[in-house]
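Let's work through a few exercises on one structure. Have the sequence and the 3D view open side by side.

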Amino acid sequence: MTDLILTNAAVLTMDPARPEAEAVAVLDGRIRAVGARSEIEPLAHAGTEIVDAGGGTVLPGFVESHLHLVLGGTELAHLQLGGVHGGAALARAALDFAGRHPERPLVMAQGGDYALLGRPMTRHDLDEILPDRPFAITSHDHHTVWANTAALRAAGILNGAETPRGHEVVIGPDGLATGELREFEAFAPVIALGGEARVNLGIATGGEPSPWPSDAERAIDRERIARGLAHSASHGITSMVNMDGNRYTLELLREMQRAGDLTARVRVPFHFKPHMDLSELARAEAMSRDFDDDWLSCNFVKMFMDGVLDSGTAYRLDDYPGQPGWRSEPLFEPARFAEIAIAVDRLGMQIAVHAIGDGAVRCVLDGYEAAQRANGPRDSRHRIEHIELIARSDIPRLAALGVVASLQPPHPPGAMDFPLQPTLDRIGRARWPDAYLWRTLREAGAVLAFASDWPVADVSVLRGLQAALTRRPYDGCADERIGLWPSLHAYTAGGAWAAHREGLFGTLRCGMAADFAILNGRLTDAAPESLGAMAVARTICGGRTTHTAA
Ligand SMILES: [Zn+2]
């Protein structure tokens with residue numbers, strides 16, 4: 001029996017035993033056979049659905065190894081500022097959007113860059129555009145929000161707020177908030193004005209909504225997720241590792257799974273915050289026990305070790321250029337992080353830590369090493385997210401400890417949508433050779449998983465692939481591109497391995513999940529500069545079509 005046959009295709013299996021084929025047969029959501037048309041087409045019978053790929057490319061469904069599904073889905077409804085530069089363009093975009101949404105309690109914009117106005121943005125700049133309505137802009141990296149006076153007042157933080165270390169309501173010389181809000185717990189009260197506090201908990205505090213959301217509220221939140229899932233499916237994504245989380249996120253996804261609305265396999269972590277006690281890991285254990293099937297799973301813990309370079313919150317080993325004495329600081333004391341890493345590792349769970357500065361990367365590696373010393377080596381596949389700066393002496397430690405490098409091709413300044421500045425100046429020319437290493441990490445033996453960090457960057461895998469293949473070295477630095485096949489691997493099999501799911505997806509061979517991304521052309525013939533313009537013609541997850549191009 002065969003439910004579905006994909007044929008007339010350039011099938012790139014990512015399976016070293018048979019890298020290329022022409023057709024695939026599917027039964028009960030799994031791959032039944034991969035081979036030549038002459039082998040596969042005879043498996044069809046009266047009830048078999050035949051998908052003619054028209055000579056296009058069939059790949060394993062893309063594995064998005066680091067995104068924020070709920071936030072991404074939510075933010076699709078906000079004003080998008082990608083490509084907007086200068087006060088006049090900002091004002092035009094904001095006034096137009098505000099005029100079209102007079103009912104919104106908060107005019108929320110996404111994707112602002114740190115050099116939007118060519119100088120630090122304040123509430124007064126935003127007041128000039130919208131003086132009477134709460135108005136806020138999230139930076140593209142999601143680590144800073146700029147809010148106008150009405151938003152700060154409505155959120156109750158115009159006079160400042162107590163925030164945990166690393167999170168800051170920046171106060172000006174007049175004793176009032178400047179409008180710049182650094183990190184999640186500083187801007188959470190502003191986000192809440194838009195009615196989105198519930199879906200922000202997974203990243204802000206790792207806590208659960210209380211009281212538990214009503215049926216109507218959960219329906220609103222499921223709708224946000226559905227938007228995010230549809231958007232991801234349109235880019236060929238069939239599996240994703242969500243990088244913020246709580247039980248509420250998983251419960252919403254399970255409700256969608258039961259209704260037949262889940263169009264991708266989703267891993268959701270327990271988000272461990274610095275204020276938490278080790279005993280809270282019991283919640284992570286319960287999430288891991290209760291969500292453990294081919295579609296929804298947990299069994300991992302996410303942490304943040306630092307912030308980002310642009311706002312000076314990434315923790316580095318040397319001073320920020322032009323700021324003698326300022327290196328930022330780790331969000332977990334190294335000894336405490338090691339204690340947490342040992343405890344999580346002992347529970348058999350995976351750990352993923354956001355670490356952008358080289359100081360943060362070193363703290364995380366030290367903690368993973370302590371876990372290995374305490375618990376003995378195991379197939380843990382602990383991960384480091386981003387690694388934007390790394391000390392040369394730490395590079396071999398990833399392979400030695402079996403650590404996954406979770407990297408984002410859209411992130412290096414100049415590679416895709418992010419401008420060169422201010423990031424390159426924040427790094428400092430002397431450290432450019434240590435920034436955004438891909439090839440160097442891979443050649444040192446680290447497994448790479450590629451991702452977008454959506455909604456931090458465009459979730460498009462094909463645009464990300466183009467960025468990966470066309471990125472130019474910074475002046476005096478090595479070429480860090482890894483080439484087409486290793487890049488595809490990092491978006492498929494590498495991501496599956498990094499998620500402990502290489503037995504389920506990431507390669508096309510008999511018995512694996514019937515998860516496919518079908519492209520409208522021959523990927524291997526396309527010029528790297530044109531990859532982002534290729535379209536995903538169809539996405540199939542578990543044998544079911546989740547997207548077809550209009
Ligand atoms: Zn992220």
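Fair warning: this is a predicted model, where local features need pLDDT of at least 70, side-chain atom pairs count only at pLDDT 80 or more, and totals for chains, interfaces and linings use all residues. Residues are numbered from 1 along each chain as its sequence is written, and side-chain values use heavy atoms, with hydrogens and water left out.

**Exercise 1.** Work out what the buried residues of α11 pack against.

Step 1: find helix α11 at residues 334-346; helices here are DSSP runs (H or I, at least four residues) and strands are too (E, at least two), numbered from the N terminus.

Step 2: pick out its buried residues (under 20% relative accessible area, 1.4 Å probe, protein chains only). They are Phe-337, Ala-338, Ile-340, Ala-341, Ala-343, Val-344 and Asp-345.

Step 3: look for contacts (heavy atoms within 4.5 Å). These buried residues pack against α10 (281-290), β19 (300-304), β20 (350-355) and α12 (358-375).

Step 4: carry on past the helix end, and just after α11 you meet Gly-348 with a positive phi of about 80°.

**Exercise 2.** Explain why one side of β9 and of β13 is left without a neighbour in the sheet.

Step 1: write down the strand order of this open, six-stranded, mixed sheet: β9-β10-β11-β12-β14-β13. Strands pair if DSSP finds at least two bridges between them.

Step 2: β9 (79-80) and β13 (168-171) are the edge strands, each with a single partner, so one side of each has no neighbour there.

Step 3: for contrast, try β10 (residues 107-112), which runs parallel to β11 (residues 135-139) and is joined to that strand by four bridges. Gly-112 has Ser-139 as its bridge partner in β11.

Definitions and conventions. Buried < 20%, exposed > 50% of the residue type's maximum accessible area, 1.4 Å probe, protein only.
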